[in-house]
Amino acid sequence: MLKQKLILFLILLTGFWLKAENVSANIISYKKEADGVSFSLDKGLMKIKVCRDDIIEVKYTILKSFSQSPSLVVNNNWASRVGFTVTEFDGNVVINTGALKVVVNKITEAITYTTITGKVITAEDKTENKSMLAATIAGINTYNCTTQFCSPQDEALFGLGCHPVDSLSINYKGRNQDMAIKYMTGAIPVLLSTKGYGLLWDNYSASNFYGAEANNTKFKYVSESGKQIDYYFFYGPDFDHIIDLYRTATGKAPMFPKWSFGLFQSQDRYMSQQEILKVKDNYRNNHIPVDAIVQDWYYWDPLPIGSHVMNPERYPDPKALVDELHKANLHAMISIWPVFGKGTHNFDALKSRGYLTNITWDNVVTRTFDTYYDAHNPKARDLYWEQARDSLVKCYGWDAWWVDQCEPDNGALLDERRKDTFYSGRGIDYFNTYSLEHTKGIYGGWRKDIPGKRAFFLVRQAFAGQQRNATTLWSSDISCTFASYKIQVPQGINACASGIPYWTSDIGGYHLNWKAADWSKPENRELFTRWFQFGTFCPIFRIHGKGERALFSDNWDAKTKAILLNYDKLRYRLLPYIYSLAGKVTTDNYTMMRALSFDFRNDPKVYSIADQYMFGPAFLVNPVTEQLYTGSNAAAGKITRSVYLPAATQWYDFWTGKKYEGGQTLDAASPIDIMPLYVKAGSIIPMGPDVEYATEKPGSPIELRIYPGADGIFKFYEDENDNYDYEKGAYATFTLSWDDKNHSLTISDTQGKFPGMLKTHKFNVVLVNEQQDTNLKITAQANKVVQYEGKRVNIKL
């Protein structure tokens, strides 16, 4: 008891609370309950729920009771009770868990979160912490809901989703962010702090984040509508654990099929069955690695949108089309929208049941106003799925679904979204959750009716919790410019820091002034080359946009083709590494595309670096986003980009094997064929053979590259590459461990099994140094060759 009093006295000295005698009491009474503590306030109620030792939910309202509507985001019902104690000390109510002290000031109701030793993690502002203010928006009477936190000068903040035309900053400390989902603006209300905590605001209305309050000493989150404040606090302190807690609360990301980590070839738009098959032939005949071809929108023309019919004059046999792609070991993705034009059976069926909204899209093709269905209505979701399933998806055998236009996009008429009424409630209160509910319906339908094929959905918007619906977020209709490309890098990093593990952009950009870029121009070839290099090290690897840009295209000169093919081959060689990371995403709630603060949170120099990130535990990726070799910059002679090597470790240049000390900034050579890549000392990278599709040559040798200088560990994951048997335990892992002092590699016993599992792996072990020819090519001479048969083995190097 004496120790606890001493800890609380030290906390009080930090100045986060007011003295009891200064103002009248705000907390009238409190009561310990099975799952937390309820507070009666002089104006309203507060509930602090202990979900886990390191997850706290806070609810606050000035109304007479809390909302009884279930959360759309948090799907964990917290069935297991957590032990905690409640004490009172010096005007504060203290909730003690196994990992935290949650200290509530009885005067101000401000909450401070500390470690069990009393170190402050973060604190609500003592004067303006939680507030609900009456407001009228779009003629609707509601309450603005605000939470405000203290923010030390040395804090950095990440997350908040993908904002594809936003500024280049990656650190939200000191800046604001629109958090209303609309065309070209995303919102995922998840924030990560370098102080070791995360926040999730469980509110679905249009919101704003303000990161520069009170001379940069506070931040606040303001939602325009709500009946209560509801947020979750996650304590890491490392970012990986915060994301683990977030997905524990909101759902795991399922495994994607292995093919989806290869190259997607897409274009706006293929116009016929014959054209798609020609693309297939050109890739396969030229031996260019690719795994998917995509049919984008308006294959239904001239029928209205939502007809779910492929024009038979241009697509005479869609089933045969998909079958031909499958025979060539290619997969097929099709774009299906949540919008319906009048004059279709699907429109009439939805309307007759009351399943349509009043939200319309100004159709840029037909200039009609077409209607969104109510994705919040479970029966409407079921009917929507059945219509698409029976007209397109299951009957033709499509492998993936492009979920376009799901903001919903109704242009500048955002008040119409606010004033509409969804099945769940007022549009103003569910402004941001359309894509979450829409993908919930199609994922549930896919799992029920296509049980042997893993779902893959490419989605234009995402909200918190959407990772559980097998979605990949893409950054929408970005432009074909270096400025737009440069923006994508921090947006991808922050999308993944928001708990969504899979993100991608249209390599090359979608449009140039709404037309196709002229890829024969040198400046555009430079742009595409640099973007393709970046795309190689994104979770999902996609070419898309207006105009022909396939890797076999005559738009590319011989030099450009060679560079693109090299990076394509590198992506495929890295599939054992990437697929193992995907396994870790699902089993361990891992993040593949990693803000530098995931791995180097204690190095302040990384906090505001917007154009570098880790790809898994090994690769420091440094996209070249500056135009160096064409245009006005060509004459300047600049051929490098600045690269900061994070401190406390050593780094290897992937292309040369040269080793560098961390904590320094390099002018890294950046010829057009090189994107600077560095590998962290202690890394173990499994690299596969040269292949033309993801599942080719399953028994071929795997090159294990070891980068000495530190101990290292890597968990290798494998399964059947498709289906959901892994959820029943049908997968296998083994751990690769490098002991740097003894120069030995240990491969553990294999854990698990699955049908078709290889009995033997051949590993060519390569110890990387500057003399080794180690880049994207298969290393000619391994240091050791190991036949691994699933039993522990130790290799001395």
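This text walks through the aromatic contacts, the charged contacts and the empty spaces of the structure. The model is a predicted one.

Start with the rings. A pair of aromatic rings is described by the distance of the centres and the angle of the planes. Across the whole structure, a search finds 65 such aromatic pairs. Tyr-30 and Phe-39 make one of them. Their centres are 6.1 Å apart, and their planes meet at 35°, which makes the pair tilted. The two partners see the surface to unlike degrees. Tyr-30 is partly exposed, because its relative accessibility is 29% and buried residues fall under 20%. Phe-39 has a relative accessible area of 1% and is therefore buried.

Tyr-652 and Tyr-707 give an edge-to-face pair. Here the centres lie 5.3 Å apart and the planes are at 70°. Tyr-652 belongs to strand β34, residues 650–653. Tyr-707 sits in the loop between β39 (702–706) and β40 (712–718). The pair therefore ties together parts that are 55 residues apart in sequence. Both Tyr-652 and Tyr-707 are buried.

Rings also gather in a group. Phe-256, Trp-259, Phe-261, Phe-264, Phe-456, Tyr-502, Tyr-579, Tyr-717 and Tyr-731 are joined into a cluster by ring pairs. To see the cluster, select these residues together in the viewer.

Some rings meet a charge. Arg-447 places its charged end over the ring of Tyr-724, 3.4 Å from the ring centre. Arg-542 does likewise with Trp-402, where the charged end is 5.6 Å from the centre of the ring.

Now turn to the charged pairs. The search of the whole structure finds 40 salt bridges. Take Glu-324 and Lys-327, whose side chains meet at 3.2 Å, N to O. Both residues are in helix α5, which covers residues 318–327. They are three residues apart there, so about one helical turn separates them. Glu-324 is partly exposed, with a relative accessible area of 30%. Lys-327 counts as exposed because its relative accessibility is 63%, and exposed means over 50%.

Asp-611 and Arg-641 form a salt bridge as well, with their closest N and O atoms 3.2 Å apart. Asp-611 lies in the loop between α14 (596–599) and β31 (613–615). Arg-641 is part of strand β33, residues 640–645. This bridge therefore ties together parts that are 30 residues apart in sequence. Asp-611 is partly exposed at 24% relative accessibility. Arg-641 is buried, with a relative accessible area of 8%.

Another salt bridge joins Glu-213 to Lys-220. The closest N and O atoms of Glu-213 and Lys-220 are 3.6 Å apart. Glu-213 is partly exposed at 21%, and Lys-220 is partly exposed at 22%.

Salt bridges can also form a network. One links Asp-404, Glu-407, Asp-409, Arg-460 and Asp-477. Keep Arg-460 in mind, as this residue also lines a cavity.

That leads to the empty spaces. Rolling a probe the size of a water molecule over the atoms shows where empty space is left. The structure holds two cavities of 30 Å³ or more. The largest has a volume of about 80 Å³. Its lining includes Cys-145, Trp-201, Tyr-221, Gln-228 and Asp-230. Strands β11 (140–150), β17 (218–223) and β18 (229–235) each give at least two residues to this lining. By class, the lining of the largest cavity has four nonpolar, four polar and two charged residues.

The second largest cavity holds about 40 Å³. Among the residues around this cavity are Cys-162, Met-184, Arg-460, Leu-473 and Trp-474. Its lining divides into five nonpolar residues, five polar and one charged.

Finish with the largest pocket, which offers about 720 Å³ of space. A total of 30 residues line the largest pocket. Those closest to its centre are Ser-67, Ser-69, Pro-70, Gln-228 and Asp-230. Gln-228 and Asp-230 also appear in the lining of the largest cavity. The elements that supply two or more lining residues to the pocket are β3 (44–52), β4 (55–61) and β18. The pocket lining divides into seven nonpolar, 13 polar and 10 charged residues.

Definitions and conventions
Residues are numbered from 1 along each chain as its sequence is written. Side-chain values use heavy atoms; hydrogens and water are left out. Rings of Phe, Tyr and Trp (its six-membered ring) pair if their centres lie within 6.5 Å; planes under 30 degrees apart count as stacked, over 60 as edge-to-face and the rest as tilted. Buried means under 20% relative accessible area, exposed over 50%, partly exposed in between (1.4 Å probe, protein chains only). Helices (H or I, at least four residues) and strands (E, at least two) are DSSP runs, numbered from the N terminus. A charge sits over a ring if NZ of Lys or CZ of Arg is within 6 Å of the ring centre and within 35 degrees of the ring normal. A salt bridge is a side-chain nitrogen of Lys or Arg within 4 Å of a carboxyl oxygen of Asp or Glu. On a 1 Å grid over the protein atoms alone, a cavity is a set of points where a 1.4 Å probe fits but cannot get out, and a pocket is an open set with protein on both sides within 12 Å along at least five of seven lines; lining residues have an atom within 4 Å of a point. Grid points are joined across faces, edges and corners, and a volume is the space filled by probe spheres set on the points. Ala, Val, Leu, Ile, Met, Phe, Trp, Tyr, Cys and Pro count as nonpolar, Asp, Glu, Lys and Arg as charged, and the others, Gly among them, as polar.
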